[in-house]
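Please open the structure in your viewer and keep the sequence beside it. This tour proposes one selection after another and states what is found at each stop.

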Amino acid sequence: MQELKNFKLIGIAVLFVAGLAGCGEKPGPAESAGKKIDQTTEESIRKMNEAADKAIKELNEASAKLNKEMSEASIILGEQGKKAGGVIDDATITSKVKAAIFAEPGLKSLQINVDTVNGEVALSGSVDSQANSDLAEQLAGAVAGVRDVNNRLVLKSTK
């Protein structure tokens with residue numbers, strides 16, 4: 001009796017294995033369609049990930065290039081700003097020196113030219129005495145921002 005029971009169990013096991021083997025060989029239309037959908041979905045996801053990775057790489061490269069260009073532009077603008085600031089400062093110094101000279105009664109009527117470059121003032125023209133030449137130089141040197149005074153004033157002869 002035990003042998004018959006074992007024989008039945010073996011038979012059921014064989015049928016079960018054969019049934020499973022049969023299912024794997026010929027999938028039905030729904031199973032084939034599902035498999036194709038899964039494959040298409042996986043391929044689409046892979047392609048989207050590749051495209052996203054490529055786009056991120058290109059954005060990072062463009063961002064790095066833009067940052068470099070902005071940094072270079074900032075340096076250039078800073079240098080130009082310093083030059084412009086120097087011009088404004090020089091113009092201010094020139095105006096202040098001219099105002100100081102014009103405010104001095106003995107120098108007011110004289111032809112004194114004032115030029116300023118990088119805080120260095122050049123006085124040119126003519127004066128009627130060495131004292132007025134020295135006074136013009138002192139007034140120019142007293143203006144804030146003046147680094148040096150180059151006195152090129154000449155004495156005009158008094159005939």
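The tour begins with the whole chain and then proceeds to selected residues.

**Before selecting**

The model is predicted: local features need pLDDT of at least 70, side-chain atom pairs count only at pLDDT 80 or more, and totals for chains, interfaces and linings use all residues. Residues are numbered from 1 along each chain as its sequence is written, and side-chain values use heavy atoms, with hydrogens and water left out.

**Stop 1: the whole chain**

Display the protein chain as a cartoon. How many helices and strands does the protein chain have? There are 3 helices and 3 strands; helices (H or I, at least four residues) and strands (E, at least two) are DSSP runs, numbered from the N terminus. Following the sequence from its start, the order of elements is α-α-β-β-α-β.

Now switch to a surface view. The protein chain has an accessible surface of about 12,300 Å², and 60% of it belongs to carbon and sulfur atoms. Accessible areas come from the Shrake-Rupley method with a 1.4 Å probe, and for residues only the protein chains shown count as cover. Of the 159 residues in the protein chain, 14% are buried. Here, buried means under 20% relative accessible area, exposed means over 50%, and partly exposed lies in between (1.4 Å probe, protein chains only).

Contacts offer another view of the chain; a contact means heavy atoms within 4.5 Å. Among contacts between residues at least 6 apart in sequence, 58% join residues at least 24 apart.

**Stop 2: salt bridges in helix α2**

Select E43, R46, K47 and E50, and show their side chains. A salt bridge is a side-chain nitrogen of Lys or Arg within 4 Å of a carboxyl oxygen of Asp or Glu. By this rule the count is 3 salt bridges.

Begin with R46 and E43, which form a salt bridge whose closest N and O atoms are 2.3 Å apart. These two residues are separated by about one helical turn, because R46 and E43 are 3 residues apart in helix α2 (residues 29–103). R46 is partly exposed, with 37% relative accessible area, and E43 is also partly exposed, at 33%.

Next, look from E43 to K47. Their salt bridge has its closest N and O atoms 3.9 Å apart. E43 and K47 are 4 residues apart in helix α2, so about one helical turn separates them.

Finally, look from R46 to E50, whose side chains meet in a salt bridge of 2.4 Å, N to O. R46 and E50 are likewise 4 residues apart in helix α2, and therefore about one helical turn apart. E50 is partly exposed, at 43% relative accessibility. Through shared partners, the salt bridges join E43, R46, K47 and E50 into one network.

**Stop 3: the loop before strand β2**

Select N118, in the loop between β1 (111–117) and β2. Is N118 buried or exposed? With a relative accessible area of 52%, N118 is exposed. Its phi is near 55°, a positive value in a residue other than glycine.

**Stop 4: a patch of negative charge**

Select E120, D134, E137 and D148, which gather in a patch of negative charge on the surface. Lys and Arg count as positive and Asp and Glu as negative, while His and the chain ends are not counted. Patches are made of residues with over 30% relative accessible area and no salt bridge; like charges are joined within 9 Å, and nonpolar side chains (Val, Leu, Ile, Met, Phe, Trp, Tyr) within 5 Å. The place of a charge is taken as NZ of Lys, CZ of Arg, CG of Asp or CD of Glu.

Within this patch, E120 belongs to strand β2 (residues 120–127). E120 is partly exposed, at 46% relative accessibility.

**Stop 5: helix α3 and the loop before it**

Select S129, in the loop between β2 and α3. S129 is partly exposed, with a relative accessible area of 24%. Add S157 to the selection: S129 and S157 are 28 residues apart in sequence, and their C-alpha atoms are 9.0 Å apart in space.

Move on to N132, in helix α3 (residues 130–141). N132 is buried, because its relative accessible area is 14%. Which residues does N132 contact, leaving aside neighbours within four places in sequence? They are G106, L107, L110 and V127.

End the tour at S133, which also lies in helix α3. S133 is buried, at 3% relative accessibility. Not counting residues up to four places away in sequence, S133 touches V127, N151 and L153.
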